[in-house]
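Trainee: Before we discuss this model, could we agree to set every term against its definition?
Mentor: Gladly; let us have the structure in view and begin with the contact between the chains.

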Amino acid sequence: MKSAVVQLPGLNRDRDMIAALTLISGKAPVTVWQTDTQIPDVDLIVIPGGFSYGDYLRCGAIAARMPVMQAIREKAEAGVKVLGVCNGFQILLEAGMLPGALMRNASLRFVCKEVKLEVVNAETSFTRAYDKGQIIRCPVAHHDGNYFADTETLKTIEGEGQVVFRYAAGTNPNGSINDIAAVTNRAGNVLGMMPHPENLIEAAHGGSDGRGLFASALDVIAAAA
Amino acid sequence: MIKARVTVTLKNGVLDPQGKAIEGALGALGFEGIGQVRQGKVFDLAVDTADRAKAEADIKAMCEKLLANTVIENYSIALA
């Protein structure tokens with residue numbers, strides 16, 4: 001499976017993402033710049049974390065209006081998988097490709113630590129390698145990860161299986177409503193998450209709990225097991 | 001040239017941790033009776049046109065497309 005990593009000024013987790021995708025798929029992803037209006041033929045597009053445009057206005061707001069996002073939107077509508085991690089999640093929300101919004105952490109502090117995630121939906125193309133209810137470790141590092149959605153939207157996403165990961169009991173680091181850590185769009189091919197699975201994929205990271213996400217999305221579950 | 005001020009505020013029901021912290025700090029300074037503090041943003045724009053209706057329509061589009069995240073924020077426009 002082929003993948004692409006989006007690059008924008010201020011994103012700084014692109015190298016981690018490229019390393020993870022290369023390790024797990026055996027192929028280096030192509031990189032796509034913010035002004036690109038065409039995206040090569042790939043199966044997975046990843047928007048990594050960082051601080052695009054210095055978090056000016058709102059996190060991800062300016063990046064979400066760059067030309068590359070229109071190309072990503074068209075690919076997503078055609079069924080290509082899109083993953084946004086951390087700032088990438090914020091960008092997908094600002095682009096209107098996922099429901100809800102991310103607010104300043106309830107503690108008002110930047111959090112950088114490991115949390116535990118509960119796999120709520122193991123039937124998405126990003127989580128097939130996990131079991132429903134499984135608890136995995138995952139690092140977080142963000143200042144604006146406090147997920148919010150209005151009552152009606154919450155009801156819809158909870159009812160439609162769009163909540164994919166929750167912070168496990170007692171580990172919600174940011175005040176997210178319903179402990180939500182990751183959501184998909186209605187079709188299930190666009191996933192946004194605050195935690196960084198790309199930073200827990202090999203022994204040097206102290207664990208490989210994040211590997212299943214990429215193995216699922218890249219269709220190499222057996223190889224990664 | 002038409003000058004305008006756009007005010008962006010959080011919708012009711014959206015948690016505002018920064019407003020809460022400011023509320024607490026005001027209380028700590030001895031200000032009493034603060035019911036609630038909500039933090040927002042102000043944008044001052046100068047639009048190069050004499051057509052007020054066009055300026056207002058353009059600024060509304062700017063609010064919808066960029067200045068406000070209408071999932072969580074309301075906006076208001078005041079032309080000078």
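Trainee: How many salt bridges does the rule find across the interface of chain A and chain B?
Mentor: The rule finds one salt bridge across that interface. Please keep in mind that this is a predicted model, in which local features need pLDDT of at least 70 and side-chain atom pairs count only at pLDDT 80 or more, while totals for chains, interfaces and linings use all residues. Residues are numbered from 1 along each chain as its sequence is written, chains are lettered from A and ligands numbered from 1 in the order in which they are written, and side-chain values use heavy atoms, with hydrogens and water left out.

Trainee: What makes the meeting of Glu73(B) and Arg58(A) a salt bridge?
Mentor: The definition asks for a side-chain nitrogen of Lys or Arg within 4 Å of a carboxyl oxygen of Asp or Glu. The side chains of Arg58(A) and Glu73(B) meet at 3.7 Å, N to O, and therefore the pair satisfies the rule.

Trainee: Which residues of chain A lose the most area to chain B?
Mentor: The area buried between the two chains, meaning the accessible area (1.4 Å probe) that two parts lose on being put together, summed over both, is about 1200 Å², and carbon and sulfur atoms give 67% of it. In chain A, Leu57(A), Arg58(A) and Met103(A) lose the most, together 40% of what that side buries. The contact (heavy atoms within 4.5 Å) takes 14 residues from chain A and 17 residues from chain B.

Trainee: What is the make-up, by class, of the side of chain A that touches chain B?
Mentor: That side has seven nonpolar, three polar and four charged residues, where Ala, Val, Leu, Ile, Met, Phe, Trp, Tyr, Cys and Pro count as nonpolar, Asp, Glu, Lys and Arg as charged, and the others, Gly among them, as polar.

Trainee: Why are β2 and β3 of chain B called edge strands?
Mentor: Strands are DSSP runs (E, at least two residues; helices are H or I, at least four), numbered from the N terminus, and two strands pair if DSSP finds at least two bridges between them. In chain B the open sheet has the order β2-β1-β3, with antiparallel pairing. Both β2 (41-47) and β3 (73-79) pair on one side only, so they are the edge strands.

Trainee: How do you know that β1(B) and β3(B) are paired?
Mentor: Seven bridges link β1 (residues 2-10) with β3 in chain B, in the antiparallel sense, and because the rule needs at least two, the pairing is established. Within this pair, Val6(B) stands opposite Ile77(B).

Trainee: What lies across the strands of chain B?
Mentor: Helix α2 (residues 52-67) lies across β1, β2 and β3 of chain B and runs at about 160 degrees to β3(B); axes are lines fitted to C-alpha atoms, for helices over the stretch in contact, and angles run from 0 to 180 degrees between N-to-C directions.

Trainee: What is the order of the nine strands in the sheet of chain A?
Mentor: The open sheet runs β2-β1-β3-β4-β11-β10-β9-β6-β7, and its pairing is mixed. Its edge strands are β2 (30-33) and β7 (135-142), each pairing on one side only.

Trainee: What makes β6(A) and β9(A) a pair?
Mentor: Three bridges join them in the antiparallel sense, and therefore the threshold of at least two is met. Here Val119(A) stands opposite Phe165(A) in β9(A).
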